[in-house]
Amino acid sequence: MVQAGIISIQLLLLIPFPGAILPDLVILLIGAACAFLLAYILTFAVRAFCYKLGWLDHPATRRVHIKAVPRLGGIAMFLAFVIASLLFYNPGSNNEVVIYWLLIAAATLMVLVHLYDDILGLKPLPKLLAQTLAVIIILGPWGSVFHGILLFTFNNPFGREMMQPGLPWYLQPTLFLFIHPASPDIQPSISLAAIPAILLTWFWTAGMMNTVNLLDGLDGLAAGVVAIAGFFITIISFVLHQQSIAVLAAIFTGAVLGFLLHNWNPAKIFMGDTGSMFLGLSLAVLSIMGGAKLALAFMVLGVPILDVAVVMINRIRRGQSPLHYDKTHLHYRLMATGLSVKQICYVIYGLSFIYGLLALTLSGIHNAHFYKFTGVVLVGLTMIALIIWMDYRQRGVRIPLGGPEPTPVPENDDGDGPQASSDEQHNISTEGQVRAGDSNLRPQNLHDGEASPARFPH
């Protein structure tokens, strides 16, 4: 099926579309491999460019990495995704074409704004305004209707399997948020009734961007978890016969994995806010496209999402701003228990993969809305169990809630990495990086995903 939007993509590149002669699964695999190789190669170029211009993330009071590291890896992932998707993504409908270009436009905005932020620094308010503008773009509000994505329907976990006349709203199989188009093919209209759906879409999209940003506090953590989410979105989309969305998700996953090879501990490059915002935005859109994947995204990223919620609630309870900087995020608390960066990645990867498998299994069950709801509840119980376990393992080790922080440990003269005295290592252990009193442990690359002052020297 050739749509007008598909033709426009082909003409843009002036090449024949390979999907006309190759099966969907082959296109999916080739597209993912192409994005992987592009991201891997482009990351070398970005690293070299950053070193040439001196655009490096130097050690600072909020950092524990002890060498200057480039922080613009998100550019490589974004370019790899755009190039590979233009080559291999074949939209399944005209509406999908529109959503794709809206995603590209919104992602370009986020990359440009946060490129400036990663180089010179931005206050939180301009970044929040940029996120809001990106959400408006993906809504596609023109011509009195929304042409992009809009969250206004939900599968009712307690509803009946089939719609029946006279069924009360709380037993209907699908719940609507004040908007009820006459047909699934009709775009929702722009009206006052759409305000709750607009706010929910903003909350989901901006929340996903900031969750990935805050998750990007350890080498490889954010990229690995996002890659797992992208992988399961790919599989479930393919199982649901949404081949075009599966190809786009596979390309996204390949681009993230190509970058992850450079970002694995010890990281040679960070993704920066440029990368975390691009990943969060793309993941939010992919989880809405085609439906049936919102619960999957929440299950895979449920622990980090709940971590952000718990941390911000605790900050408000202490009378602080939700954006206040401290060391109470999940990965810092796990490090305070004595786990290394790689071990923490394995723990959170494992949880994400397990819940991804659960979501994949549930997607094959007829009328599985209640079971998906149960899976989301299990994520919450897992978070509670993690908190109890961390409190037990820390055994009184307090996580600092702000104030002065230790200076990163300098390298040895022989260039063989850092060595710290017992006192220095005790200070670092309060950052959750090295256990106090163990003079043989080395600090590992650690960076905070939260907003911070200018990262590079002017």
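This report describes one long helix, a pair of crossing helices and a salt bridge in a predicted model.

## Basis of the model

The model is predicted, with local features requiring pLDDT of at least 70 and side-chain atom pairs counted only at pLDDT 80 or more, whereas totals for chains, interfaces and linings use all residues. Residues are numbered from 1 along each chain as its sequence is written, and side-chain values use heavy atoms, with hydrogens and water left out.

## Helix H4

Helix H4 covers residues 94-120, helices being DSSP runs of H or I with at least four residues and strands runs of E with at least two, both numbered from the N terminus. Its 27 residues reach 39 Å from the first C-alpha to the last, close to the expected 39 Å, a span defined as 1.5 Å times one less than the number of residues. After H4 comes Gly121, which has a positive phi near 95 degrees.

## Crossing of H5 and H6

The axes of H5 (residues 124-139) and H6 (residues 195-215) come within 10 Å and cross at roughly 125 degrees, on a scale from 0 to 180 degrees between N-to-C directions of lines fitted to C-alpha atoms over the stretch in contact. The contact (heavy atoms within 4.5 Å) involves residues including Leu128 and Val135 of H5 and Trp202 and Met209 of H6.

## A salt bridge to H4

Among the 3 salt bridges of the structure (a side-chain nitrogen of Lys or Arg within 4 Å of a carboxyl oxygen of Asp or Glu), Arg71 pairs with Asp118, their closest N and O atoms being 3.7 Å apart. Because Arg71 lies in the loop between strand S2 (69-70) and helix H3 (74-88) and Asp118 in helix H4, the pair ties together parts 47 residues apart in sequence.
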